[in-house]
Amino acid sequence: MSLLVLIPKALVAVVFVGAVIQKLTGKAAPSWERWGFSRRAMCATAGAELVGLVLFLWPGLEAIGAAALALVLLGALATLARHREGAAHMAVPALTLVLVLIQLYLSFVV
């Protein structure tokens, strides 16, 4: 696997592993409650992120995983925009979305 494919994939994996840990340990709960979501929704999102990440890392299923992660990230960005979170709060999901879309593109080209 070339570095062109491996680097974005590794960065996305680090971001999503961190996000899943934050949700499953409850550290993200205050923000989710502020946005009007339950802990169940937070845990369900962590599950969706974990499934998407496994698919993203599984050879041959990268495109499906990238599409799933892109949907999760679009939902996150929509929530952040709706609740007028600052640009600093939106930066990581936005940059991660760019990396996921790059990986989606590379999964078809490379």
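# A guided tour from R40 through the helices

Begin by selecting R40: its relative accessibility is 73%, so R40 counts as exposed, the threshold being over 50%. The model under view is predicted. R40 is found in helix α3. Now add A78, which lies 38 residues from R40 along the chain; the C-alpha atoms of the two are separated by 19 Å.

**Further along α3**

Remain in helix α3 and select C43. With a relative accessibility of 39%, C43 counts as partly exposed, because that value falls between the 20% and 50% limits. A second distance may be drawn here, from C43 to A88: 45 residues apart along the chain, they have C-alpha atoms separated by 24 Å.

The next selection is E49, which also lies in helix α3. What is its state, buried or exposed? At 5% relative accessibility, under the 20% limit, E49 counts as buried. Display its surroundings: leaving aside residues up to four places away in sequence, E49 touches F16, A19, V20, K23, L69 and V72.

**Helix α1**

Several of those contacts lead to α1, whose buried residues include F16, A19, V20 and K23. The others buried in this helix are V5, P8, K9, V12 and A13. Selecting the whole of α1 gives 23 residues, with 32 Å from the first C-alpha to the last, close to the 33 Å expected at 1.5 Å a residue. To see what covers its buried residues, show α2, α3, α4 and α5, which are among the covering elements.

Two details deserve a closer view. Centre on K9, whose charged end sits over the ring of F56, 5.7 Å from the centre of that ring. Then move to G26, which follows α1 and has a positive phi, near 85°.

**An aromatic cluster and the largest pocket**

Select W32, W35 and F37 together; these residues form one aromatic cluster. The count of aromatic pairs in the model is 2.

W32 and W35 also direct attention to the largest pocket, since they belong, with A19, K23 and A76, to the residues nearest its centre. In total, 25 residues line this pocket. Its lining takes two or more residues from each of α1, α2 (29-34), α3, α4 and α5. The volume of the pocket is about 610 Å³.

**Helix α4 and the residue after it**

Select residues 62-82, helix α4. How far apart are its end C-alpha atoms? They are 30 Å apart, in agreement with the 30 Å that 21 residues should span at 1.5 Å a residue, because the expected span is 1.5 Å times one less than the number of residues.

Colour the buried residues of α4: E62, G65, A66, L69, A70, V72, L73, L77, T79 and L80. Their cover includes α1 (3-25), α3 (39-57) and α5 (87-109). L69 and V72, in this buried set, are also among the residues that E49 touches.

The tour ends at R84, in the loop between α4 and α5. R84 counts as exposed, because its relative accessibility of 75% is over 50%. Inspect its backbone as well: R84 has a positive phi of about 50° although it is not a glycine. Most residues other than glycine have a negative phi.

Technical notes: Residues numbered from 1 in each chain as written. Predicted model: local features only at pLDDT ≥ 70, side-chain atom pairs only at ≥ 80, totals over all residues. Heavy atoms only, no water. Phe/Tyr/Trp six-rings, centres within 6.5 Å; stacked < 30°, edge-to-face > 60°. Lys NZ or Arg CZ within 6 Å of the ring centre and 35° of its normal. Helix = DSSP H or I, 4+ residues; strand = E, 2+ residues; numbered from the N terminus. Buried < 20%, exposed > 50% of the residue type's maximum accessible area, 1.4 Å probe, protein only. Contact = heavy atoms within 4.5 Å. 1 Å grid on protein atoms, 1.4 Å probe; cavity = no way out; pocket = protein on both sides within 12 Å on 5 of 7 lines; lining within 4 Å. Points joined across faces, edges and corners; volume = space filled by probe spheres on them.
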